[in-house]
Amino acid sequence: MQAGAAANTTSADIDAVIAAVEAGDRAGATALARAALDRGNRQPLFLNLRAFWHEQNGRLSAALADLEHAHALAPDDVPVLNALGLCRDRLGRAREAFDAFDRAVALAPGFAPALMNRGRVLEALGDFDRAAISYGSALKLGHNAHAELAALAARRADWETARLHARAALAIRPGFVMAEHVLAQVEMAEGDYGTAKGRLTRILDHAPPSAPERATTLSLLGDALDGAGDFRAAFQSYEAGNAARIEALTVAGDSAARDRMHVHLERLTDYFGKLAPGAFVAPVSHAGGNEAGPQHHVFLLGFARSGTTLLEETLAAHSAVATTQEKDGLQEAVANLFLNTPGFDQLMVLKGGGLTRYRRSYWQTLAAFGIPTGGTCLIDKQPYNTIRLPLIAKLFPAATILFALRDPRDVVLSCFRRRFVMNDSNRPLLTLEGAARFYDSVMRLAGIYRAKLPLNLIEVRHEDLVGDFAGEMRRICSHIGIPWSDDLATFTGRRRAVTTPSAVQLHEGLSARGVGFWRNYARELGPVLPILAPWVARFGYPAE
């Protein structure tokens with residue numbers, strides 16, 4: 001085919017696809033784009049449409065390949081950047097998704113979808129202040145961002161602002177499920193569980209939501225029933241909500257995620273379980289790479305819902321303390337040293353320049369999140385860093401480990417009831433048995449680590465913190481190396497947004513309500529109590 005004919009064919013293909021798009025015929029446009037691509041006509045628009053087709057059929061990796069190709073051909077194409085960000089986000093690559101959305105916003109400040117998507121990714125990354133700015137910018141452009149702003153206000157327990165934005169969202173779009181969810185949370189915060197129950201039941205009865213929306217609605221209904229003391233019905237609602245979440249994950253092509261963490265834990269247990277006593281050698285703590293670090297470096301870990309967020313938020317009130325709020329500084333080290341047996345072997349002999357590289361990567365990553373790292377004390381809080389203790393012991397042998405404990409039955413029940421961001425770690429929590437077995441696996445692995453790694457570790461019990469707050473905090477401060485401060489008792493007065501499901505409980509202040517709460521669900525917990533019994537006994541909690 002001659003050059004002129006090829007150009008005419010390309011132009012005709014583009015005109016036909018654009019005409020189909022403008023007519024609202026997305027399927028027709030996609031079919032035309034795919035046919036053009038099959039003929040070798042590589043256009044960003046065609047690649048974008050084929051990527052959408054791949055996504056609709058569960059082929060996220062193929063979609064990403066098309067979008068990366070389209071982006072290479074047209075680096076400043078805003079629709080391509082927006083689609084690329086969405087695909088990266090669906091693949092769990094939130095930081096890279098942010099980069100795409102941020103570039104799209106820089107190129108087209110008036111493109112509200114990119115502003116909204118950037119806000120959602122920032123929210124997922126825990127950067128709530130910038131998320132609110134992004135949503136606010138979209139709102140000024142006429143986009144209904146009220147529901148997102150309402151949800152952010154609810155995270156801060158700013159119930160009046162949450163109510164105002166939720167009502168504004170519903171005035172624009174009656175029946176908007178996300179806004180209805182926020183109003184239900186406001187009602188429960190005010191103790192009006194009956195009104196919340198009615199609102200959530202109406203959502204399920206009159207406007208059947210999508211699987212993700214149904215999952216959240218049922219989970220919130222469980223909270224309303226729990227608040228009213230109807231624990232049996234509450235459990236059924238939590239169970240149905242989690243089943244809907246599993247359904248949503250399966251539709252999204254994430255069904256394999258349930259096995260990845262199990263396989264990883266088995267691999268770690270086998271490798272470090274066979275390690276001879278004394279084989280793990282910690283490097284010299286003053287070796288290179290920690291120049292950007294604080295005077296006192298603390299890892300706060302344990303298991304989800306064991307009180308780590310309460311402890312982090314308490315310590316964050318101290319003027320000498322900075323905290324990570326679960327920002328992950330270990331990403332590069334994990335990717336290269338902690339995913340398989342060759343990586344474990346490399347970790348075991350890591351020294352010199354390797355240590356320096358991964359230490360500096362850690363500090364640089366946290367700095368990129370905006371976390372001040374060079375002060376007096378940094379609290380790196382991530383419950384599942386328990387799984388990564390060998391990595392921490394190798395890179396930061398001088399660090400203090402605060403190991404959070406709570407009655408295993410309260411932990412597992414709470415994990416089952418709460419709404420986590422879904423990832424490989426949280427996926428097992430969607431069933432009661434999955435949560436119990438995950439807890440059992442992590443605690444067994446932690447026992448191996450504690451026996452074989454050189455760790456500066458102390459246990460912190462949630463029940464002790466609630467029962468004797470001042471005494472327990474003085475003990476913790478002494479071990480960390482920071483002085484007691486009266487500011488530690490003021491954490492409930494702040495409205496710092498929290499990334500975990502603990503946000504509302506934190507703003508309510510210290511309470512013993514959650515201690516032994518599992519007894520309200522003892523009947524439902526019956527099938528998993530034998531799995532947890534050894535840990536109940538080992539940690540010294542009462543059998544009944």
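Helices and strands are runs assigned by DSSP, and they are numbered from the N terminus. With these labels, such as H22 or E1, the tour can proceed through what is a predicted model.

**First stop: the second largest pocket**

Select helix H22 (432–452) together with helix H15 (257–273); these are the elements that give two or more residues to the lining of the second largest pocket. H22 makes the largest contribution to this lining, with 7 residues. In total, 18 residues line the pocket, and the space within amounts to about 410 Å³. To find the middle of the pocket, display His262, Pro428, Gly434, Arg437 and Phe438, which lie nearest its centre. Colouring the lining by residue character should give 6 nonpolar, 5 polar and 7 charged residues.

**Second stop: the sheet**

Next, display the strands E1 to E5. In what order do the strands of the open sheet lie? The 5 strands follow the order E2-E3-E1-E4-E5, and their pairing is parallel. At the edges are strand E2 (321–323) and strand E5 (456–461), each of which pairs on one side only. Looking across the sheet, one finds neighbouring strands turned by 25° against each other on average, direction ignored.

Now select helix H19 (residues 352–368), which packs on this sheet. H19 touches strand E1 (296–301) and strand E3 (377–381), and its direction makes about 90° with that of E3.

**Third stop: strand E1 and its partners**

Select E1 alone. Is this strand enclosed or exposed? E1 is largely enclosed by the rest of the structure, because 6 of its 6 residues are buried. Show the side chains: His296, Val298 and Leu300 point one way, while His297, Phe299 and Leu301 point the other way.

Add the partners of E1 in turn. E1 runs parallel to E3, and 5 bridges join the two strands; within this pairing, Val298 has Ile379 as its bridge partner. E1 also pairs with E4 in the parallel sense, over 4 bridges, and here Phe299 has Ile401 as its bridge partner.

**Fourth stop: from E4 to the edge**

Move on to strand E4 (residues 400–405). How many bridges join E4 to E5? There are 6, and the two strands run parallel. Select Leu405 to see a residue of this pairing: Leu405 stands opposite Arg461 in E5.

**Fifth stop: an enclosed space**

The structure holds 4 cavities of 30 Å³ or more. The second largest has a volume of about 40 Å³. Select its lining, which consists of Ile392, Ala393, Phe396, Pro397, Ala399, Ile401, Pro454, Leu455 and Asn456. This lining divides into 8 nonpolar residues, 1 polar residue and no charged residue. Ile401, already met as the bridge partner of Phe299, is one of the lining residues.

**Sixth stop: two helices**

Select helix H16 (residues 308–316). Since 9 of its 9 residues are buried, H16 is largely enclosed by the rest of the structure. The buried residues include Thr308, Glu312, Glu313 and Ala316.

Finally, go to helix H12 (residues 193–206) and pick out Gly198. Why does Gly198 count as partly exposed? Its relative accessibility is 24%, and partly exposed covers the range between under 20%, which is buried, and over 50%, which is exposed. To end the tour, select Ala184 as well: the C-alpha atoms of Gly198 and Ala184 are separated by 9.1 Å, and the two residues are 14 residues apart along the chain.

Key:
Residues numbered from 1 in each chain as written. Predicted model: local features only at pLDDT ≥ 70, side-chain atom pairs only at ≥ 80, totals over all residues. Heavy atoms only, no water. Pairing = 2+ DSSP bridges. Axes fitted to C-alpha atoms, helices over the stretch in contact; angles between N-to-C directions. Contact = heavy atoms within 4.5 Å. 1 Å grid on protein atoms, 1.4 Å probe; cavity = no way out; pocket = protein on both sides within 12 Å on 5 of 7 lines; lining within 4 Å. Points joined across faces, edges and corners; volume = space filled by probe spheres on them. Nonpolar A, V, L, I, M, F, W, Y, C, P; charged D, E, K, R; others polar. Buried < 20%, exposed > 50% of the residue type's maximum accessible area, 1.4 Å probe, protein only.
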